[in-house]
Amino acid sequence: HGGELKRKMYADRCVVNCVAPHPWLPILASSGIDSEVKIWNVGENEVGNMDIDDDLTVEGDWRRRMAEAAPNVTPEQGKDRMKRAEIDKQNGNNKVKAKDWNGALICYTEALRELHFVPPNSLQGQERRAIQTACWLNQAHCYLQLSQNENAVKVCDRVLDKDPRNGKALYRKATALGELKEYNKALQEIEKAIRGCPDSQDFIRLKTKLVNQKASHTKQEQSKYAKMFS
């Protein structure tokens, strides 16, 4: 338990009224004039440049970056960041049209990097969330096209953490779970989507497909076990 400096971070640029340590973990809580309490941890001693290839496939890199303290910004800085994020998102959309799935993922990741800040007001918070959600959903689409179904589930979960009824996220998560042969979980997700939008033919078709796949998979498993014990 020494006094060695492990990490320096940019914190609040405005008023901080209270800083409190955790009783035994290396974690601090701070609060000021904002509506939220921020939690700060030691994290990694060194954070190098982001490896784009890793960012496309390794969940740990996302957690590392999100653990970094999101900077506070002025309204003008927030506006500039969202403009850059929107450009990156549109570039990603263009790559999706060209079926350049990996290139699109890079663009969406760059957009999300721009959006990693503390919104200075509720309006910018809503605008930031909208772009963020679109990028995550588009990432999920790309991961599905690349058969990276685990990653598709993870980015859909990020959307659903904030918006549990998001139909696109539920649909894409159900699709990914179906590809992973997790049919019960997939059917649970698509049922949620149908409850939110009962007239969606896409949702109904996916449910029918999943029911048929589950039945076929169950039949194959029963046949396999029957041969094993015959």
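This report describes the fold, the strands, the salt bridges, the cysteines and two loop residues of a predicted model.

## Overall composition

The chain contains nine helices and three strands. Read from the N terminus, these elements follow the order β-β-β-α-α-α-α-α-α-α-α-α.

The chain has 230 residues, and 36% of them are buried. Its accessible surface comes to about 14,400 Å², of which carbon and sulfur atoms supply 52%. Among contacts with a separation of 6 or more, residues 24 or more positions apart account for 55%.

## The three strands

Strand β1 covers residues 16-21. None of its six residues is buried, so strand β1 lies largely in the open. Strands β1 and β2 form a hairpin, with five residues between them. Their pairing is antiparallel and runs over five bridges. One of the residues involved is Ala20, whose bridge partner in β2 is Ala29.

Strand β2, made of residues 27-32, also pairs with β3 in the antiparallel sense, here over four bridges. Within this pairing, Ile27 has Asn41 of β3 as its bridge partner. Strand β3 spans residues 38-41 and has two unlike faces: Lys38 and Trp40 belong to the covered face, whereas Ile39 and Asn41 belong to the uncovered one. In a regular strand, side chains alternate between the two faces of the sheet.

## A nonpolar patch on the surface

Which residues form a nonpolar patch on the surface? They are Val16, Val19 and Leu28, and together they offer about 240 Å² of accessible area. Leu28 is located in strand β2. With a relative accessible area of 40%, Leu28 is partly exposed.

## Salt bridges

Ten salt bridges are found in a search of the whole structure. One of them joins the side chains of Arg84 and Glu114, with a nitrogen-to-oxygen distance of 3.2 Å. This pair connects distant parts of the chain, since Arg84 lies in helix α3 (residues 75-97) and Glu114 in helix α4 (residues 101-114), 30 residues apart. The two partners are covered to unlike degrees: Arg84 is partly exposed, at 39% relative accessibility, while Glu114 is buried, at 18%.

Another salt bridge is formed by Asp100 and Lys95, whose closest N and O atoms are 4.0 Å apart. Asp100 is partly exposed, with a relative accessible area of 33%, and Lys95 is likewise partly exposed, at 32%. Lys185 and Glu182 also meet through their side chains in a salt bridge, with an N to O distance of 3.4 Å. Lys185 counts as partly exposed at 48% relative accessibility, as does Glu182 at 30%. In addition, a network of salt bridges links Asp157, Lys173, Glu189 and Lys192.

## Cysteines without disulfides

How many disulfides are found in the whole structure? The search finds zero. Why does Cys107 form no such bond? The closest cysteine sulfur to that of Cys107 belongs to Cys142 and is 9.4 Å away, which is too far for a bond. A disulfide requires two cysteine sulfur atoms within 2.5 Å.

The surroundings of individual cysteines can also be described. Cys107 is buried, with a relative accessible area of 11%. Cys197, in contrast, counts as partly exposed at 35% relative accessibility.

## Two lysines with positive phi

Two loop residues deserve a separate description. The phi angle of Lys99 is near 60°, a positive value in a residue other than glycine. Lys99 lies in the loop between α3 and α4. Is Lys99 buried or exposed? Its relative accessible area is 62%, and Lys99 is therefore exposed, given that exposed means over 50%.

Lys181 has a phi angle near 65°, again a positive value in a residue other than glycine. Where is Lys181 placed? Lys181 is in the loop between α7 (167-179) and α8 (183-196). At 51% relative accessibility, Lys181 counts as exposed.

Notes. Residues numbered from 1 in each chain as written. Predicted model: local features only at pLDDT ≥ 70, side-chain atom pairs only at ≥ 80, totals over all residues. Heavy atoms only, no water. Patch = residues over 30% accessible without salt bridge, like charges linked within 9 Å, V, L, I, M, F, W, Y side chains within 5 Å. Areas by Shrake-Rupley, 256 points an atom, 1.4 Å probe, with all protein chains shown as cover. Buried < 20%, exposed > 50% of the residue type's maximum accessible area, 1.4 Å probe, protein only. Pairing = 2+ DSSP bridges. Contact = heavy atoms within 4.5 Å.
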